[in-house]
Amino acid sequence: MTVAVVQFGGSNCDRDAVRALSHLGIDAERVWHEDGLPDDVTGVVLPGGFSYGDYLRAGAMAARSPVMSEVREAAERGVPVLGVCNGAQIGSESGLTDGAFTTNESARFQCERVHLRVENADTPWTAAYEEGDVIALPIAHGEGRFEISDERYEELEAADRVLFRYCDADGNVTEESNPNGSRGNVAGILGERDTVAVLMPHPERACLPDLGDSTDGQGVLSGFEGA
């Protein structure tokens, strides 16, 4: 298994992702976006950061890098693809997933630990959990508010493609537990295949035991083994 962690100019979580995956025994390597995906790629991470300085819109320029055509083709073949934070924005901008991530309701950059409720446990990314489980992951973003049209939101829900929602420690989905104003408290969604997912919180920052009191991100990243 070789998971390619795609590095764009401005990425800053690529090394974190490689280290977290390696901790789980998953082979991973950083791949510069201009070099394209390796021939033996078995998974792709679009990591967090500030690709191209977030000019135009967060993720908009990276989404037009030639490597993203390869990522979309890989996703269509069933190769698991995970976009995290800026990677979620890139995934949305490139059409891997529906909706868009825009400026936080607070209009501020927010860096804090949040609680997420597992909405769909029947995916590679949530197979380690049960539906309704509450996990803790950190966020660090200024443009994490999920927006989508009424029609597409209803389709997402009907297809069970909402992966995580922001909630409180007891699993209650409330306005107060929504850190950025995302529609429906959505924190992560699936693409048309359940092997494609994007989320704003950082599972790679809640993976190594020596980095804090939560290793809940391990379950998300282990999706590369179960996809």
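In this predicted model, aspartate 98 and arginine 161 join their side chains in a salt bridge, with N and O 3.2 Å apart. Aspartate 98 sits in the loop between α3 (86-93) and β5 (100-102), while arginine 161 belongs to the loop between α4 (150-158) and β9 (162-167), so the pair ties together parts that are 63 residues apart in sequence. Aspartate 98 has a relative accessible area of 17% and is buried. Arginine 161 is buried too, at 14%. Both values fall under the 20% cut-off that defines a buried residue. The pair also has company: a network of salt bridges links Asp98, Arg152, Glu155 and Arg161.

Salt bridges turn up elsewhere in the model as well, and the structure holds eleven of them. One of these is formed by aspartate 210 and arginine 19, whose closest N and O atoms are 3.9 Å apart. Here the loop between β11 (196-199) and α5 (217-221) supplies aspartate 210 and helix α1 (residues 14-23) supplies arginine 19, so the pair ties together parts that are 191 residues apart in sequence. Aspartate 210 is exposed, with a relative accessible area of 58%. Another salt bridge brings together the side chains of arginine 145 and glutamate 147, with an N to O distance of 2.5 Å. Glutamate 147 counts as partly exposed, at 30% relative accessibility.

Arginine 19 also offers a convenient way to locate glutamate 29. The two residues are ten residues apart in sequence, and their C-alpha atoms are 9.4 Å apart in space. Glutamate 29 is part of strand β2 (residues 28-32) and is partly exposed, with 37% relative accessibility. Leaving aside residues up to four places away in sequence, glutamate 29 touches Thr2, Val3, Ala4, Val5 and Val18.

The next stop is a set of paired strands. Strand β10 (residues 186-190) has five of its five residues buried, so this strand is largely enclosed by the rest of the structure. On one hand, β10 pairs with β9 in the antiparallel sense over three bridges, and within this pairing phenylalanine 164 has glycine 188 of β10 as its bridge partner. On the other hand, β10 pairs with β11, again in the antiparallel sense and over three bridges. In that pairing, isoleucine 189 stands opposite valine 198 of β11. The connection from β10 to β11 is a hairpin that runs through five residues.

Strand β9 is also the place of arginine 165. With a relative accessible area of 10%, arginine 165 is buried. How do its polar atoms find partners? The side chain of arginine 165 makes a polar contact with the side chain of glutamate 157 at 2.8 Å. The arginine 165 side chain also reaches the backbone oxygen of glycine 184, at 2.8 Å. Not counting residues up to four places away in sequence, arginine 165 touches His115, Leu116, Arg117, Glu119, Tyr153, Glu157, Val173, Gly184, Asn185, Val186 and Ala187. Two of these names, Val186 and Ala187, fall within the residue range of β10 (residues 186-190).Empty space within the model completes the picture. The count comes to one cavity of 30 Å³ or more, and the largest cavity has a volume of about 50 Å³. Its lining consists of Cys13, Ala17, Leu21, Val45, Pro47, Gly48, Val84, Glu204 and Leu221. Among these lining residues, Ala17 and Leu21 lie within the range of helix α1 (residues 14-23), the helix that also holds arginine 19.

As for pockets, about 250 Å³ of space lies in the largest one. This pocket is lined by 13 residues, of which Ala75, Glu76, Gly95, Leu96 and Glu192 lie nearest its centre. Helix α2 (residues 67-76) gives the most to the lining of the largest pocket, with three residues.

Notes: Residues are numbered from 1 along each chain as its sequence is written. This is a predicted model: local features need pLDDT of at least 70, side-chain atom pairs count only at pLDDT 80 or more; totals for chains, interfaces and linings use all residues. Side-chain values use heavy atoms; hydrogens and water are left out. A salt bridge is a side-chain nitrogen of Lys or Arg within 4 Å of a carboxyl oxygen of Asp or Glu. Helices (H or I, at least four residues) and strands (E, at least two) are DSSP runs, numbered from the N terminus. Buried means under 20% relative accessible area, exposed over 50%, partly exposed in between (1.4 Å probe, protein chains only). Two strands pair if DSSP finds at least two bridges between them. A polar contact is a pair of N or O atoms within 3.5 Å; within protein, one must be able to donate a hydrogen and the other to accept it, and residues adjacent in sequence count only if both atoms are side-chain atoms. Contact means heavy atoms within 4.5 Å. On a 1 Å grid over the protein atoms alone, a cavity is a set of points where a 1.4 Å probe fits but cannot get out, and a pocket is an open set with protein on both sides within 12 Å along at least five of seven lines; lining residues have an atom within 4 Å of a point. Grid points are joined across faces, edges and corners, and a volume is the space filled by probe spheres set on the points.
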